[in-house]
Amino acid sequence: MNNSTIFGIDSHMRTTTVCALDVATGETETRTFRGNDYGEMARWMSARPQPSYGVYEAGCTGFVPARLLTGGGVRVVPIAPSKMPTSQESRSRKNDRADAARLARLALAGELREVWVPDEEVEGLRDLVHALDDLADQLRRARQRVVALLGRHGHVWDGRTPTGRPKKARRRGLRRCPAARARAFGMARPFRALERGRKVVPRWSWR
């Protein structure tokens with residue numbers, strides 16, 4: 001599609017700067033939106049010559065700008081920052097207005113790579129998988145801390161019974177070691193919470 005306006009969108013958590021590049025004249029108009037009022041942004045962008053195309057770097061704002069700013073002749077997509085061309089000027093001249101203008105120029109030149117925007121259901125599943133991975137990592141680190149704490153007080157836990165099956169001797173070791181128990185007080189509650197989390201979450205998600 002031949003676009004009449006290209007938008008470079010420098011998107012942050014609290015502010016968004018949009019540079020509108022008129023394809024016919026080459027003129028630019030830049031505005032900063034504080035508080036990220038996407039409704040106001042959409043109205044401002046839709047007032048430019050249509051159809052139009054907007055890009056922003058995928059990052060902290062996720063897919064929200066793409067979903068809330070697309071419509072009425074405007075199409076907004078995230079782009080991959082790692083695939084953007086770089087130059088000495090772009091590295092030395094870093095500010096929101098310059099970044100937005102640079103995105104608009106690169107989009108016009110076709111030098112940016114779009115990022116796939118999933119629907120909200122798929123995004124929710126991805127967030128769930130990431131949360132489970134984070135929880136499993138916290139559980140692993142909590143176990144390592146408990147084992148290390150027992151080891152510093154002379155209680156070695158090899159994690160296996162004589163038959164090779166996993167065993168749960170951490171808490172018994174803590175009970176036998178008052179000093180370790182006192183020092184472990186701060187980590188015991190989150191450790192128990194992580195253990196409970198494993199019982200609630202389906203087993204397949206921890207493999």
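How many helices and how many strands does the secondary structure of the chain come to? The tally is eight helices and five strands. Keep in mind as you look around that this is a predicted model. If you start at the N terminus and walk along the chain, the elements come in the order β-β-β-α-β-α-β-α-α-α-α-α-α. The chain has 207 residues, and buried ones make up 36% of them. Now take the contacts in the chain with a separation of 6 or more: 55% of those are between residues 24 or more positions apart.

Let's begin with helix α1, which covers residues 38-46. Just at its start, a side-chain oxygen of D37 reaches to within 3.2 Å of the backbone nitrogen of G39. Right before that, in the loop between β3 and α1, you'll find N36. Its phi angle is near 55°, which is a positive value in a residue other than glycine. Is N36 buried or exposed? With a relative accessibility of 11%, N36 counts as buried, because the cut-off for buried is anything under 20%.

Now look at which residues of α1 are tucked away. Y38, M41, W44 and M45 are the buried ones to find here. They cover an arc of only 120° around the axis, so they sit on the same side of α1. And what do the buried residues of α1 pack against? Their partners are β1, β2 (15-22), β3, α2 (64-69) and β5 (74-79).

One of those buried residues, W44, deserves a longer stop. W44 has a relative accessible area of 10%, so it is buried. To talk about its ring neighbours, you need one idea: a pair of aromatic rings is described by the distance of the centres and the angle of the planes. A search of the whole structure turns up two aromatic pairs. In one, the rings of F7 and W44 have centres 6.3 Å apart and planes at 55°, so this pair is tilted. F7 belongs to strand β1 (residues 5-11) while W44 belongs to helix α1, so the pair ties together parts that are 37 residues apart in sequence.

The other pair is F33 with W44: here the ring centres are 5.9 Å apart and the planes are at 70°, so the pair is edge-to-face. Why is one pair called tilted and the other edge-to-face? Because planes over 60 degrees apart count as edge-to-face, those under 30 count as stacked, and the rest are tilted. F33 sits in strand β3 (residues 28-34) and W44 in helix α1, so this pair links parts eleven residues apart in sequence. F33 counts as buried too, at 2% relative accessibility. Put the pieces together and F7, F33 and W44 form one aromatic cluster. There is also a charged visitor: the charged end of R48 sits over the ring of W44, 4.6 Å from its centre.

Next, follow F7 back to strand β1, where it has its place. At 0% relative accessibility, F7 counts as buried. Skip its neighbours within four places in sequence, and F7 is still in contact with a long list of residues, including V18, C19, A20, W44, R48, S52 and A104. Take S52 from that list. F7 and S52 are 45 residues apart in sequence, but their C-alpha atoms are 7.4 Å apart in space.

S52 is found in strand β4, residues 52-57. It has a relative accessible area of 2%, so S52 is buried. Besides F7, and again leaving out neighbours within four places, S52 is in contact with N3, T5, G73, V74 and R75. The side chain of S52 also makes a polar contact of 2.8 Å with the side chain of Q50. Which kind of peptide bond joins Q50 and P51? This one is cis, with omega at about -5°. P51 is found in the loop between α1 and β4.

Last stop: the cysteines. How many disulfides does the structure hold? The number is zero. Two cysteines you can look up are C19 and C60. C19 has 0% relative accessibility, so it counts as buried. C60, in contrast, has a relative accessible area of 52%, so it is exposed, because exposed means over 50%.

Notes:
Residues are numbered from 1 along each chain as its sequence is written. This is a predicted model: local features need pLDDT of at least 70, side-chain atom pairs count only at pLDDT 80 or more; totals for chains, interfaces and linings use all residues. Side-chain values use heavy atoms; hydrogens and water are left out. A disulfide is a pair of cysteine sulfur atoms within 2.5 Å. Buried means under 20% relative accessible area, exposed over 50%, partly exposed in between (1.4 Å probe, protein chains only). Rings of Phe, Tyr and Trp (its six-membered ring) pair if their centres lie within 6.5 Å; planes under 30 degrees apart count as stacked, over 60 as edge-to-face and the rest as tilted. Helices (H or I, at least four residues) and strands (E, at least two) are DSSP runs, numbered from the N terminus. A charge sits over a ring if NZ of Lys or CZ of Arg is within 6 Å of the ring centre and within 35 degrees of the ring normal. The arc is that of the directions from the helix axis to the C-beta atoms. Contact means heavy atoms within 4.5 Å. A polar contact is a pair of N or O atoms within 3.5 Å; within protein, one must be able to donate a hydrogen and the other to accept it, and residues adjacent in sequence count only if both atoms are side-chain atoms.
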